[in-house]
Every structure is written in C-alpha cells, then in structure tokens.
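My notebook is open, and I am going to look this chain up piece by piece. These are my notes, in the order in which I made them.

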Amino acid sequence: MKRNRLGKSDVHVTELGFGGGPLGGLFEAVDDDTAAGALEAAWDSGIRYFDTSPHYGIGQSERRIGALLRGRPRDGSLVPPCARTAATASSKAAPRRRAHMVP
C-alpha cells in the first residue's frame, strides 16, 4: 500500500489507516472474532497505521490492536504513541506515553 509522509516529519504512514473506536464498542458491541477478523483484513490489505485510544472501550481497542500486532514485524507499523486525557479547554493536559504501544 502506498505510504505518505506525515506532515513535515520523517514518519511515513499508509494511505489508509484503521480507526479503532468501533473495536472498543464506540457504536455497538463487537465480539472478539469480529474484531480479530476486521484487524486481520486490514493487515492483509497492507494497512499499517492503527489509531486507538485508551478511551475506546476502556482500553479494549488497544488490547485488540495489540493482540494483532504481537509477534508481527514492528518496522513499518505505526500506532500513535500518545493519548490525550479528557480535558477542559482551560486545562493543560499533556499527552501520556503509552508504553505498550508500537513506537
């Protein structure tokens, strides 16, 4: 799959990414087999950019994406390494490093 540079950085991401919100039940409950099938299809299609958050199903999306990536080559795969906590406009919540995420 074609890759493009992310902004002005040296990071290149696949043209299509996988949004992990539904894996955490964002719209409706998704069982493990359905989630695994969707992730496998994305991987087999060449997608290597996976977007997730600890807020998607209280970490369920992260766990499911992590299960897919476990044991797969890390070079070329990207999961954003930071998540911003819920914050009001006046607060200064800083991104938190997610140690279990792929750098």
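**Entry 1: threonine 14.** I began with a side chain: a polar atom of threonine 14 lies 3.3 Å from the backbone nitrogen of arginine 48. I also found the side chain of threonine 14 at 2.6 Å from the backbone oxygen of leucine 16. Both are polar contacts, meaning a pair of N or O atoms within 3.5 Å; within protein, one must be able to donate a hydrogen and the other to accept it, and residues adjacent in sequence count only if both atoms are side-chain atoms.

Before going on, I noted that this is a predicted model, where local features need pLDDT of at least 70 and side-chain atom pairs count only at pLDDT 80 or more, while totals for chains, interfaces and linings use all residues. I also noted that residues are numbered from 1 along each chain as its sequence is written, and that side-chain values use heavy atoms, with hydrogens and water left out.

Where does threonine 14 lie? I placed threonine 14 in strand E2, residues 12–14. Helices (H or I, at least four residues) and strands (E, at least two) are DSSP runs, numbered from the N terminus. Threonine 14 counts as buried because its relative accessibility is 6%. Buried means under 20% relative accessible area, exposed over 50%, and partly exposed in between, with a 1.4 Å probe and protein chains only.

Then I listed what threonine 14 touches, leaving out residues up to four places away in sequence: Met1, Lys2, Arg3, Gly46, Ile47, Arg48 and Tyr49. A contact here means heavy atoms within 4.5 Å.

**Entry 2: valine 13.** I stayed in strand E2 for valine 13. Valine 13 has a relative accessible area of 12%, so it is buried. From valine 13 to methionine 1 I counted 12 residues in sequence, and the C-alpha atoms are 9.6 Å apart.

**Entry 3: the whole chain.** I stepped back and found two helices and six strands. Their order from the N terminus is β-β-β-α-β-α-β-β. The chain has 103 residues, and 32% of them count as buried. Of the contacts between residues at least 6 apart in sequence, 57% join residues at least 24 apart.

**Entry 4: confidence.** I checked pLDDT, the predictor's confidence in each residue, from 0 to 100. The chain has a mean of 79, with 72% of its residues at 70 or more. Which elements have the lowest and the highest mean pLDDT? Strand E5 (residues 82–83) has the lowest at 46, and H1 the highest at 95. The pLDDT is below 50 over residues 82–103, though this stretch has 36 contacts in the model beyond near neighbours in sequence.

**Entry 5: helix H1.** I compared lengths next: the 13 residues of H1 (residues 32–44) should span 18 Å at 1.5 Å a residue, and the end C-alpha atoms are 18 Å apart, which agrees. The expected span is 1.5 Å times one less than the number of residues.

Which residues of H1 are buried? I found Ala35, Leu39, Ala42 and Trp43. Seen down the axis of H1, these buried residues fall within an arc of 100°, so they line one face of the helix. The arc is that of the directions from the helix axis to the C-beta atoms. Asp33 and Asp44 are exposed on the other side of H1.

What covers the buried residues of H1 includes strand E3 (17–19), strand E4 (49–51) and helix H2 (60–69). At the start of H1, I saw a side-chain oxygen of aspartate 31 within 3.0 Å of the backbone nitrogen of aspartate 33. Glycine 46, just after H1, takes a positive phi of about 100°.

**Entry 6: the loop between E4 and H2.** I found serine 53 in this loop. Serine 53 is buried, with a relative accessible area of 11%, and its side chain reaches the backbone nitrogen of histidine 55 at 3.0 Å.

Isoleucine 58 is in this loop too. Is isoleucine 58 buried or exposed? At 76% relative accessibility, isoleucine 58 counts as exposed. I also jotted down that isoleucine 58 has a positive phi of about 50° although it is not a glycine.

**Entry 7: helix H2.** I noted Ser61, Glu62, Arg64, Ile65, Leu68 and Leu69 as buried in H2. Seen down the axis of H2, they fall within an arc of 165°, so they line one face of the helix. Their cover includes H1 and E4. My last note is on glycine 71, which follows H2 and has a positive phi, near 85°.
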